[in-house]
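Hi everyone, thanks for making time this morning. I'd like to walk you through one structure, so let me put it up on the screen.

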Amino acid sequence: MFIIIFLFLQTQALFYPMQVHLSWTENPSEMRVSWQSRLNGKALISYRPIFCGNSSDWTNIEAETTRIDFGTEMFRYSFVHTGVMNNLSPDCHYEYSVSNGYFSSDNFVFYGRTPGQDKRSSYKMLVYGDLGTHDYGKKTFNLMKTMAETEEILGVFHMGDIGYNLNSQQGLIGDKFLNMIKPIASSHAYMTVPGNHEKANNYTAYKQRFTMPRNEANQNTSYFYSFDIGPVHYVLLNTNPYLKTSLKDERDTQTNWLIQDLKKANENRISVPWIITLHHHLLYCSHDPSDSGSRKDCEVQAAVIRHNLEEIYYENKVDLVLSGHVHHYERQASIYKNETVYGDVDELNKHVNANAPIYIISGSAGNRIKKNDPTAPNPCLWTRFMSNDFGFGTLTVLNETVLLWEQFSSETNKMIDWVYIIKYFKKLNS
Ligand SMILES: [Fe+2]
C-alpha cells in the first residue's frame, strides 16, 4: 500500500509545473514567467499585487505553450509555457502561481521593480558565469540562495555557461539546472546570455528555456539586449559569434546594434550615468601558462574579443565590463590596449573617475566536475585580485555616484574581494 501511495505521489509530481523562472522583458513594468510540465492543458498565470495599496484582485492570463521534442527517446517530451505579467508597480510585490490546466504550482512572490521603470538608485544584483549542476555549483547556488533569502536582491545576471550543458542527456541536465535554480529564479528575474556551452544545435536548448528581452536587431532570439535599471545602462552580449569567422553576419548585426545602443546611452548619460556590459568571454585575464585551458582563453580568445570590442568600449566610455568563461575570479584595473589607465584615484579597493573600462571576471561559480583554473603565478600588472575559490559576485548600485562590487567564496562562505567604483557627475560633462 505504502509503495502504491509513494508511486502515485511521484507520478503526480511529474505532472505539476516545474522549473518556474522569471525574466524581465523588453518593456518596462513587465515580468515574464516560464515553466515546464508534462501536460499540455490551458496554461494560465494568476498574479496579484501585495504589500501595497493597490487592489489585490487576481489577474489571470493565458500563457503560450510549445512542445519540446527531445528527439531520440519516446518518453522524453515536455511542454514549455511562457507568459508576461504586466502593469507592475515598483511600489508593490506580486504573488503569483502558474498552472498547466490541470495542476497549479505553489505561490511565489517577486518584487515589482523592473528595468525602465523609474530612477530609484539602490539595489543589488547577483552576478556570475559558469555555474552548472555539479557539487561545486550546488554549493555556490546554496550560498546565493541564503543571500537571496536574507537580503533584498533585485535580480540575477548569469553570464553564460549555464548548465553544462542544457542539452545534455536529452535535456535532463537542463531540467536539473532549471529545478536547481528555481528557489531564486521563481522570485527574481534570472537574466542570461549564452556562453560556449549553450551553442549546441544552434542554441536550441538555451532558447527553449530562456527568453530574454527581444528587439528588432536580435530578431527575437534575445541573444543580446540592453536595459536601464536606475542609474545604470546594462548591455548583455553574445560573444560566441566573435570567435567563429563563419558567423560574420551575426557578429556584424550585434556590433552595429551595440554601437547604436551605446551612442543612445551616452546621449542619455545625464540621467543614466553608468554603462556596464556583461558577456561570457573576457577581454583580459592573467593565467598560469602551464594550464592549457586558461592559456587558450586568455591568450587566443581574449585577443579576438578585444579586437572586436575594446575600441567600442573605450570610445563610448563603458565603465565596467563583467564576464566569465575562465574558471577563476579576477578583478582588474582600468585597462586600454593592455596598459593600466589611471583615474583621479586608483587604490586597491577604490577607483574614482576612471578613464577606461574596469574589467572583472567572475567565472568561478561551479563549472563542470573539476577544481577551478589555477591562479597566475605572475599576474599581469593590471590585475588587482585573483582567486580560484568557487563563488559568485554581487553588484550593488549604492546611488548615482557609487557602485560596489563584491566577490564571495562558497568554499569559505566569506566575502573575499571588493571594490568601490565612484564617478562624480562633473566628470560626465567634461
Ligand atoms: Fe565558457
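One definition before we start: two strands pair here if DSSP finds at least two bridges between them. Please also keep in mind that this is a predicted model.

With that in hand, let's look at strand β3, residues 44-50. Four bridges join β3 to β4, and the two strands run antiparallel. If you want one contact to find on the screen, take Leu44: its bridge partner in β4 is Glu62.

Now let's step back to the sheet around them. Four strands make up an open sheet, ordered β4-β3-β7-β8, with antiparallel pairing. Which strands stand at the edges? They are β4 (59-62) and β8 (108-111); each has a single partner strand, so one side of each is left without a neighbour in the sheet. On average, neighbouring strands of this sheet are turned by 30° against each other, direction ignored.

On to the metal. Which residues coordinate the iron ion? Asp161 does so through OD, Asn196 through OD1, His280 through NE2 and His325 through ND1, at 2.1 to 2.2 Å. Along the sequence, these donor residues follow the spacing D-x34-N-x83-H-x44-H. Asp161 and His280 link distant parts of the chain, 119 residues apart. Asp161 sits in the loop between β10 (155-158) and α3 (172-185), while His280 is in the loop between β14 (274-279) and α6 (292-315). Are these two buried or exposed? Both Asp161 and His280 are buried.

And the geometry? The angles among the four donor atoms of the iron ion are 86 to 164°, and the site is irregular.

Technical notes. Residues are numbered from 1 along each chain as its sequence is written. This is a predicted model: local features need pLDDT of at least 70, side-chain atom pairs count only at pLDDT 80 or more; totals for chains, interfaces and linings use all residues. Side-chain values use heavy atoms; hydrogens and water are left out. Donors are N, O and S atoms within 2.8 Å of the metal (3.2 Å for Na, K and Ca); water is not among the atoms, so sites may look incomplete. Four donors count as tetrahedral if all angles lie between 85 and 135 degrees; four count as square planar and six as octahedral if opposite donors are over 155 degrees apart and all others between 65 and 115; anything else is irregular. Buried means under 20% relative accessible area, exposed over 50%, partly exposed in between (1.4 Å probe, protein chains only). Axes are lines fitted to C-alpha atoms, for helices over the stretch in contact, and angles run from 0 to 180 degrees between N-to-C directions.
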